[in-house]
Amino acid sequence: MSVSAQLLVEELQIFGLDCEEALIEKLVELCILYGQNEEGMVEELIAFCTSTHKDGLTLDTLNSFEHEFLSKRLSKARHSASKDSGHAGVRDIVSIQELIEVEEEEETLLNSYTTPSKGSQKRAISTPETPLTKRSVSSRSPHQLLSPSSFSPSATPSQKYNSRNNRGEVVTSFGSAQGVSWSGRGGAGNIDLKVLGCPEPLTGSYKSMFQKLSDIREVLTCKIEELGSELKEHYKIEAFTPVLALAQEPVTLLGQIGCDSNGKLNNKSVILEGDREHSSGAQIPVDLSELKEYSLFPGQVVIMEGINTTGKKLVATKVYEGVPLPFHQPTDEDAVLDFEQNMVLMACGPYTTSDSITYDPLLDLIAVINRDRPDVCILFGPFLDAKHEQVEWPTAPPPVVSVTDCEPWASGAQILPFRFPPAPSSSGSCLVFIPSLRDVHHEAVYPQPPFSYSDLPHKDKTRVHLVSEPCSISINGVTFGLTSTDLLFHMGAEEISCSSGTSDRFSRILKHILTQRSYYPLYPPQEDMAIDYENFCAYAQLPVTPDILIVPSELRHFVKDILGCVCVNPGRLTKGQVGGTFGRLYFRRQQTAEGEKRQSPCVSAQVVRI
């Protein structure tokens with residue numbers, strides 16, 4: 001099979017990875033050897049690195065990826081094939097390792113039912129210092145004898161957080177950020193911060209895990225009808241045609257994009273599920289071969305134009321562009337707000353490195369806040385990451401970061417199971433907390449209610465804001481959209497596209513978020529997302545197009561202007577065992593006379609390494 005090194009480079013750059021030529025050649029070799037295409041190989045490699053907590057892409061990482069994942073998968077395929085053919089076949093090193101592991105598990109199970117003798121003891125003794133886990137490698141393992149580490153025992157360890165040498169490096173800039181002195185007014189500024197709702201914001205917990213399929217269907221149907229009505233009015237469409245109606249001439253259909261199977265969406269598996277009013281929810285396969293450009297994902301509400309000569313397949317000839325909501329219009333209440341320039345600092349967890357449960361990165365961020373005195377600090381979860389190795393495989397209780405550990409901070413807000421300092425007394429910054437579905441101490445349902453802290457001192461209540469995930473806020477009349485869910489990663493894995501020219505995946509996904517008018521337009525959602533659709537309809541929709549949208553992601557950091565909305569991915573404060581990035585921006589509410597073109601309130605923005 002033919003494999004393109006350039007395509008591999010482009011796929012890796014999506015995840016913020018730049019590789020040497022030798023590594024690209026190795027990846028090309030693996031693609032050919034295991035019959036995998038470029039996109040699939042990179043996705044599996046990133047998944048492997050994430051699950052095994054490997055930082056950076058090295059030759060050792062690729063060797064481990066081959067031996068621990070690709071070889072095992074190929075061996076299992078051969079093993080199942082040999083079972084079908086009625087003989088065992090030739091055993092390789094992987095199948096021998098599997099037999100050894102099965103034998104040891106059976107031996108451990110049998111020993112658990114017997115009293116060990118005083119003599120030799122086959123079972124390994126499990127203690128808190130030396131826990132016995134299934135992940136431990138057998139001393140007899142042929143992998144251990146022939147692993148890359150046996151040939152290079154002096155392999156360089158991953159870079160540790162405290163030894164980093166790129167602190168404060170600016171990695172992305174937007175607007176007039178060159179030569180700007182980044183400093184706010186702290187508590188001296190006049191900050192008016194309000195939480196927006198549609199119509200009301202989510203302020204407390206709710207009962208979840210009890211929803212009927214008919215209720216979910218009702219929410220999705222209403223979404224199709226509401227967006228369809230807006231698009232119909234915008235494009236002056238007279239009427240929609242049922243999706244199963246025979247048509248020799250081009251017709252216009254309204255529906256939601258879906259996949260004809262449980263697999264990933266591709267250009268051959270697209271179906272259009274019609275609305276209830278015109279099509280009674282009927283579905284029809286879609287042929288995209290006549291479209292020169294498209295960008296589709298499951299759950300997307302679209303208007304399509306095409307021909308349906310048989311009633312069994314729609315040959316699409318046009319997909320109408322989505323239309324975003326209008327921006328926030330100033331009210332009489334906004335007239336009293338000042339037009340001064342304000343600074344916002346934003347950071348997203350985890351706030352610990354993967355090899356430690358101490359909050360050194362958080363303390364470094366506190367030092368930055370005390371130095372720069374931003375007007376508003378927006379902090380996204382996870383604050384205690386459920387995916388942290390010491391949370392998944394605990395060997396000791398997590399530490400408690402108390403207020404006294406942070407001398408520059410005046411008081412503490414307890415967000416179980418640790419104490420988190422809400423605002424430095426020296427800076428007086430307003431602080432906004434957004435929870436994450438990865439927070440081990442909070443409700444893992446979407447939309448996610450805000451943290452609760454009834455003991456917050458009265459003097460801090462005006463500047464500490466505990467908000468829901470997702471949410472929209474207004475700061476001095478400028479609207480911010482906030483979400484800690486990695487929507488870019490979720491939608492990037494499901495979106496399909498075709499373009500005649502250069503196309504940026506991030507820009508396409510951000511445009512979908514704005515035009516679908518939802519913080520999570522993907523349906524069905526990713527497997528680890530527990531969505532309560534009744535509350536999703538009420539609290540996870542965009543009330544207006546935000547002036548600034550903050551979407552933290554594992555993917556590469558950026559600042560982009562999409563349809564007049566400045567979208568920021570500040571990255572995460574830590575990535576594995578090394579430091580990550582945070583974001584900062586200046587904004588000023590613009591005075592726009594009637595008839596003048598709107599100007600973005602975002603003056604400048606940067607993404608900086610911690």
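**Note on the predicted model: helices, sheets and cores**

1. Helix α8 spans residues 213-234. Its 22 residues should cover 32 Å at 1.5 Å a residue, and its end C-alpha atoms are indeed 32 Å apart, so the two values agree. The model is a predicted one. The buried residues of α8 are Ile216, Val219, Leu220, Thr221, Lys223, Ile224, Leu227, Gly228 and Leu231. Note that a lysine, Lys223, is on that list. In an α-helix, residues three or four places apart point the same way, because there are 3.6 residues a turn.

2. What do the buried residues of α8 pack against? The partners are β3 (247-259), α9 (276-279), β7 (301-308), α13 and α14 (533-539). Just after α8, lysine 236 has a positive phi of about 55°.

3. Helix α3 covers residues 38-51, which makes 14 residues. From first C-alpha to last, α3 reaches 20 Å, close to the 20 Å expected at 1.5 Å a residue. Buried residues in α3 are Glu38, Gly40, Met41, Val42, Glu44, Leu45, Ile46, Phe48 and Cys49. Two glutamates, Glu38 and Glu44, are thus among the buried residues of α3. Just after α3, histidine 53 takes a positive phi of about 60°.

4. Phenylalanine 69 sits in helix α4 (residues 59-85). Is phenylalanine 69 buried or partly exposed? Its relative accessible area is 29%, so phenylalanine 69 counts as partly exposed; the cut-off for buried is under 20%. Leaving aside neighbours within four places in sequence, phenylalanine 69 is in contact with Glu44, Phe48 and Ser64. Phenylalanine 48 is 21 residues away in sequence, and the two C-alpha atoms are 7.9 Å apart. Both Glu44 and Phe48 belong to the buried residues of α3.

5. One open sheet has 7 strands with mixed pairing, in the order β1-β24-β23-β9-β10-β13-β14. β1 and β14 are the edges; each has a single partner strand, so one side of each lacks a neighbour in the sheet. From one strand to the next, the twist averages 15°. Helix α10 (residues 360-372) lies across β9 (342-348), β10 (376-380) and β23. Relative to β9, α10 runs at about 180°.

6. Strand β24 (residues 602-609) is mostly covered, with 6 of its 8 residues buried. β24 runs antiparallel to β1 (residues 170-175), joined by 5 bridges. Serine 173 has glutamine 606 in β24 as its bridge partner. Strand β23 (residues 581-587) also pairs with β24 in the antiparallel sense, over 7 bridges. Here glycine 583 is matched with valine 607 of β24.

7. At the other edge, β14 (residues 464-466) holds histidine 465. β13 (residues 430-434) and β14 run parallel, joined by 3 bridges. Valine 432 stands opposite histidine 465. Histidine 465 is buried, at a relative accessible area of 15%. Beyond its neighbours within four places in sequence, histidine 465 is in contact with Leu193, Leu431, Val432 and Phe433. Which backbone oxygen lies 3.4 Å from a polar atom of the histidine 465 side chain? That of threonine 462.

8. Another open sheet, of 6 strands, has the order β2-β15-β16-β18-β20-β19 and mixed pairing. β2 (193-196) and β19 (558-562) have a single partner strand each, so they stand at the edges with one side left without a neighbour in the sheet. The twist averages 25° from one strand to the next. Helix α13 (residues 505-516) packs on this sheet. α13 touches β18 (548-550), β19 and β20 (565-569), and its direction makes about 55° with that of β19. Within the sheet, β15 (residues 471-475) and β16 (residues 478-482) pair antiparallel over 5 bridges. Serine 474 is opposite threonine 479 in β16.

9. The largest nonpolar core has 53 residues. Leu27, Tyr446, Leu510, Tyr520 and Leu549 touch the most other members. Helix α2 (residues 21-34) supplies the largest share of this core, 7 residues. A second, separate core has 29 residues, including Ile191, Ile434, Val559 and Ala605.

Key: Residues are numbered from 1 along each chain as its sequence is written. This is a predicted model: local features need pLDDT of at least 70, side-chain atom pairs count only at pLDDT 80 or more; totals for chains, interfaces and linings use all residues. Side-chain values use heavy atoms; hydrogens and water are left out. A nonpolar core is a set of buried Ala, Val, Leu, Ile, Met, Phe, Trp, Tyr and Cys residues joined through side-chain atoms within 4.5 Å. Buried means under 20% relative accessible area, exposed over 50%, partly exposed in between (1.4 Å probe, protein chains only). Helices (H or I, at least four residues) and strands (E, at least two) are DSSP runs, numbered from the N terminus. Two strands pair if DSSP finds at least two bridges between them. Axes are lines fitted to C-alpha atoms, for helices over the stretch in contact, and angles run from 0 to 180 degrees between N-to-C directions. Contact means heavy atoms within 4.5 Å. The expected span of a helix is 1.5 Å times one less than its number of residues. A polar contact is a pair of N or O atoms within 3.5 Å; within protein, one must be able to donate a hydrogen and the other to accept it, and residues adjacent in sequence count only if both atoms are side-chain atoms.
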